[in-house]
Structure formats: C-alpha cells, structure tokens
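Dear colleague,

I am passing on the structure below, together with some notes on what turned up in it. Please read the notes with the coordinates open beside you.

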Amino acid sequence: MPELTRRHALAAAAAVATAVAVAPQASAHDHHSPDTFDEVYKGRRIQGRPASGGGHHHGAGYAVFIDGVELHVMRNADGSWISVVSHYDPVPTPKAAARAAVDELQGAPLVPLPAN
C-alpha cells in the first residue's frame, strides 16, 4: 500500500473542495421552465407562461404579463430573475418578479416596450 504523503493529502483535499464548489453551480444552472401562473396580486392580474414564437425574450423562453402587457424578464446566470421594472432586485421566480414589479409600479400602468 502506498504511503500517504502530504502532497497526496493536499491533492485529495483540493479535488474534494473543487467537487463541492462545482456541485451547487451545476444545480443553479438548471434551466427548466418555471411553473405557469395566473393570479390577481394587489388588484393587478399577473400571468406567466412559457413563451411561444419569436419576440424579444431573455427570460429563457418564458413570458410574464401584468394586466395583459408583457413585462420583460431575464434569467440571470445564478438562476435568479429580474425585470425591466425591478432590474436591481433579483428574485427567485418569474412570479416573484411580477409581484415585485407590481409593488414598484404602485398602481401605475406598465408601459409596453417597443419590439426591436
């Protein structure tokens, strides 16, 4: 049986540390589509569903609407979501992004963004 040297022990510890550090990142990049939702939140109808067709979608093929107007959402590399209304406040789901936008709008209508 080979003798365990300091070099072997450090190499094994580095391999374990790398495996532990990479594992959470792999799960954070799980790009499955979030659940569909349709609810009234603070008097506003918010909806979310997989995006169909073309358009300007950065939300990993997912569309969010407030009172029928599309709220542009984007999924970050860490799996969190942001919208054009609450761009600096990442949230865990598109539904949370829609709710955060409603909170930020404070009753104001969502103005549609022009398509490029």
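Is arginine 99 buried, exposed or partly exposed? With a relative accessibility of 32%, arginine 99 counts as partly exposed, where buried stands for under 20% relative accessible area, exposed for over 50% and partly exposed for what lies in between (1.4 Å probe, protein chains only).

Before going further, please keep in mind that this is a predicted model, in which local features need pLDDT of at least 70 and side-chain atom pairs count only at pLDDT 80 or more, while totals for chains, interfaces and linings use all residues. Residues are numbered from 1 along each chain as its sequence is written, and side-chain values rest on heavy atoms, with hydrogens and water left out.

The overall layout

The protein chain holds two helices and six strands, in the order α-β-β-β-β-β-β-α from the N terminus on; helices (H or I, at least four residues) and strands (E, at least two) are DSSP runs, numbered from the N terminus. Of the 116 residues in the chain, 28% are buried. The chain exposes about 7700 Å², of which carbon and sulfur atoms supply 59%, the areas coming from the Shrake-Rupley method with a 1.4 Å probe, and for residues only the protein chains shown count as cover.

The strands

Strands E1 (37-41) and E2 (44-50) run antiparallel and are joined by five bridges, a pairing being accepted if DSSP finds at least two bridges between two strands. In this pair, phenylalanine 37 stands opposite glycine 48 in E2. The E1 and E2 hairpin has two residues between its strands, and lysine 42 takes a positive phi near 50° there. E2 is also joined to E3 by five bridges, again in an antiparallel arrangement, and isoleucine 46 stands opposite isoleucine 66 in E3.

The nonpolar core

The largest nonpolar core (buried Ala, Val, Leu, Ile, Met, Phe, Trp, Tyr and Cys residues joined through side-chain atoms within 4.5 Å) has 16 residues, among which Phe37, Ile46, Val64, Ile66, Leu71 and Val73 touch the most other members. Strand E1, strand E3 (62-66) and helix H2 (94-105) each supply at least two residues of this core, and H2 gives the most, with five. If residues up to four places away in sequence are not counted, valine 64 has contacts that include Phe37, Leu71, Val73, Pro94 and Ala98, a contact meaning heavy atoms within 4.5 Å.

The salt bridges

There are five salt bridges, each defined as a side-chain nitrogen of Lys or Arg within 4 Å of a carboxyl oxygen of Asp or Glu. Lysine 95 and glutamate 39 form one of them at 3.6 Å, N to O, linking helix H2 to strand E1 across 56 residues. Glutamate 39 also pairs with arginine 99, with the closest N and O atoms 2.7 Å apart; because glutamate 39 lies in strand E1 and arginine 99 in helix H2, this pair ties together parts that are 60 residues apart in sequence. Glu39, Lys95 and Arg99 are thus linked in a network of salt bridges, and lysine 95 is partly exposed, at 29% relative accessibility.

Aspartate 103 forms a salt bridge with lysine 42, the closest N and O atoms being 2.8 Å apart. Since aspartate 103 lies in helix H2 and lysine 42 in the loop between E1 and E2, the pair ties together parts that are 61 residues apart in sequence. Aspartate 103 is partly exposed at 34% relative accessible area, whereas lysine 42 is exposed at 61% relative accessibility.

With best regards
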